[in-house]
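Got the viewer open? Let's take a walk through this model, one selection at a time.

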Protein chains: 4
Amino acid sequence: MAGASTERALGKGDLTRRRILDAAAAEIARHGPAGAGLGAIAEAAGLRTGSLYFHFPSKQHLISAVLEEGIRASLQRLDAAMAAPQRATPAERLRAGITAHLRALAELSDYAVVVLAPQFAALHREVPGFRALRREYLRRWAELVAAAQDDGTLPAGPDPAEVRDLLLGALNAAGLAGQPPARTAEVVAALLRLPS
Amino acid sequence: MAGASTERALGKGDLTRRRILDAAAAEIARHGPAGAGLGAIAEAAGLRTGSLYFHFPSKQHLISAVLEEGIRASLQRLDAAMAAPQRATPAERLRAGITAHLRALAELSDYAVVVLAPQFAALHREVPGFRALRREYLRRWAELVAAAQDDGTLPAGPDPAEVRDLLLGALNAAGLAGQPPARTAEVVAALLRLPS
Amino acid sequence: MAGASTERALGKGDLTRRRILDAAAAEIARHGPAGAGLGAIAEAAGLRTGSLYFHFPSKQHLISAVLEEGIRASLQRLDAAMAAPQRATPAERLRAGITAHLRALAELSDYAVVVLAPQFAALHREVPGFRALRREYLRRWAELVAAAQDDGTLPAGPDPAEVRDLLLGALNAAGLAGQPPARTAEVVAALLRLPS
Amino acid sequence: MAGASTERALGKGDLTRRRILDAAAAEIARHGPAGAGLGAIAEAAGLRTGSLYFHFPSKQHLISAVLEEGIRASLQRLDAAMAAPQRATPAERLRAGITAHLRALAELSDYAVVVLAPQFAALHREVPGFRALRREYLRRWAELVAAAQDDGTLPAGPDPAEVRDLLLGALNAAGLAGQPPARTAEVVAALLRLPS
DNA sequence: CATGAATGAGGGTTCATTCAT
DNA sequence: CATGAATGAACCCTCATTCAT
């Protein structure tokens, strides 16, 4: 959970900026936005407090940037997972989605905490565009679930959105707790009795 | 999720103290421990900042008290749920546990956030006895799951602890999001294909 | 120029607040708004920096309060001076106005600097009502001058407003420089050849 | 009052240096020495903050340079005015001095504010030689006044220094307020009843 | 010459805490 | 019991300054 970086996924940019973002994500994940001190973030990034202001105009902007990084990386991974073979069966695609989500959690690490944890709802509201992105993310998952229900893979009846929320709740809990993706995916599949 | 009180469950005590605890739980749930200002807590409780110190010796103690209230109320509810008829089948007891957990979340509201959210891990470590209580809580759930696996109600194979973590993750996500307990319990039962 | 107080003129109020205002007026008069440090102001008022925030919500508000005090005290003194016997000749009233203005400068001291100095124009714009008050102040002076011109006491011809600006410019320069009011009034009267 | 330059009066030199000085004079005139940020000065001069240090070793030196520019330009103008026909009558020379002073204010603009305003007394003390130059400036004015008093042009009796301070106070107020020199000079002459 | 980047000292502000009333 | 007032530490932020490029 320490020093996670979205480097590879986000392309190369200003290196210092990336170090600051990673440090900020870690601090925020651990202590919340209010408890994340610029001093601690700067130290973790290898510079002094005042220097942060050369890269970000304020703590608020830094926090927003962390959220945006997290969202961007999340969506990118989801795209990769969802763009998978459309000819796959709903069950296969559901499995792929679960695995992709768990892997994303593991790779995003601290960013995932900031993006997903309901404790940061207040934060989320302050970043323009965040809600739209998350809505899109959830919409795709609901489609995945609905397809699996139509197919008989998942029990028909329950609202796909509710099913999705429960499913993602379970995945997030395991992922944020640091469980290995592959193993967790298997257990989930077993519980849902997905055809192997 | 607003202004929740554990009054009934915790018995009557000092009324002002209870108002302060409720206000603190709400602030902490929304802004984290660092972001919960004594000023905001005092205002929500109907007094001035300095007056808090008549009821609690420090912010740390106040926060600890909130956690302890949450834990006490949680365990009390769990006891009620688990103390259910031992002659019931594992499936029935699992269902009862799920419903009880969801009801507890709904009733505990802000306290539940503070007790459950992994973001408050740092806090949890500072409250003596908290880990023991939670361990006991999780042990009982693991037993419930194991019994259901032995019984064929849940797929055998996966580690009961992992199953439990996924299950509680799903329940907590729904509960903290404000979903109605009864409805959520049904969806969960359907997904797990518990016998009705 | 040091530690001036408008105490008597403004009525009794919170004593600490007054001490802070006086200290702030002195600091601002000497170093400008930007150069007036809250540390220096607090020290001169006999408390610590943070304590200022119990009495004023921000440095901006403190500065505005200083301006308002200065304006209030100025107008009060002007009223007294202008309310003088209406049966007096224009020359007598002009003399009285000059003396009153010089005395006000001496008594207001640091507040006068803040209220009058054109360097604080930026400040003035931020205090609502300031401009209206000053306009009224200047209007009365223009009337005084016009009456003296009609009367032959002052040369007719020049715009009363321009005459007033020159006159007040001279008075302010002498007053802010700390010249004794009585003596300065005599020299001004001599230069303008006012009948003794 | 905006973007004034002493270019013509001071001869040609480094162009960038002149732009910086003009920008600094404007900033200082408007916000005081403490409120004049190097960032704002640099921007107005068309370069970045750090680049200022190629032209001036520190903010203090830059401010001193502004003052020196202002003084140099002032004295130069005064010399021109005073060096006028010695055979002129005191009244004529007084008139010429008044006009020259007003013209200098108009031309020096922001520099005049910095040089004249009593609020910058603290600054003045830090520039070696400033006081001597000003003393000389004031001495010449006092002579001018004394000659006019001996001559009967101005009322005898008052201390020439006091008369001079009042006169310059009036001129400076009008000049810094942006009044046109010629017109102001006429009004002043009328008030003092100088022979036309 | 000029700049991007970093720094440290200091400034304004918040906040948990104390205490006399 | 409660509050108004004060405090000091820590915080976020600004700014003059330096320096490698």
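Start by selecting His55(B): an N or O atom in its side chain sits 2.9 Å from a phosphate oxygen of DNA strand F. That is a polar contact, meaning a pair of N or O atoms within 3.5 Å; within protein, one must be able to donate a hydrogen and the other to accept it, and residues adjacent in sequence count only if both atoms are side-chain atoms.

A word on what you're looking at: this is a predicted model, where local features need pLDDT of at least 70, side-chain atom pairs count only at pLDDT 80 or more, and totals for chains, interfaces and linings use all residues. Residues are numbered from 1 along each chain as its sequence is written, chains are lettered from A and ligands numbered from 1 in the order in which they are written, and side-chain values use heavy atoms, with hydrogens and water left out.

Stay with DNA strand F and click Tyr53(A), whose side chain has an N or O atom 2.3 Å from a phosphate oxygen of the strand. Then try Thr16(C), where a polar side-chain atom lies 3.4 Å from a phosphate oxygen of DNA strand F. Now show everything near the strand (a heavy atom within 4 Å of it). You should get 28 residues, and Tyr53(A), Ser51(B), Arg48(C), His55(C) and Tyr53(D) come nearest. Of the DNA strand F atoms within 4 Å of the protein, 78% belong to sugar or phosphate and the rest to bases.

Hop over to DNA strand E. Here Arg48(A) has a polar side-chain atom 2.6 Å from a phosphate oxygen, and His55(D) has one at 2.9 Å from a phosphate oxygen. For Lys59(C), look at the backbone: a polar atom there is 2.8 Å from a phosphate oxygen of DNA strand E.

Next, hide the DNA and colour chains C and D. Their contact (heavy atoms within 4.5 Å) takes 28 residues from chain C and 31 residues from chain D.

Where do two helices cross? Select residues 181-191 of chain C, helix 11, and residues 160-176 of chain D, helix 10: they pack at about 75°, with axes 10 Å apart. Helix 11 of chain C is therefore roughly perpendicular to helix 10 of chain D (that label covers 65 to 115 degrees). Axes are lines fitted to C-alpha atoms over the stretch in contact, and angles run from 0 to 180 degrees between N-to-C directions. Helices are DSSP runs (H or I, at least four residues), numbered from the N terminus.

Key
Angles under 35 degrees count as roughly parallel, over 145 as roughly antiparallel, 65 to 115 as roughly perpendicular and the rest as oblique.
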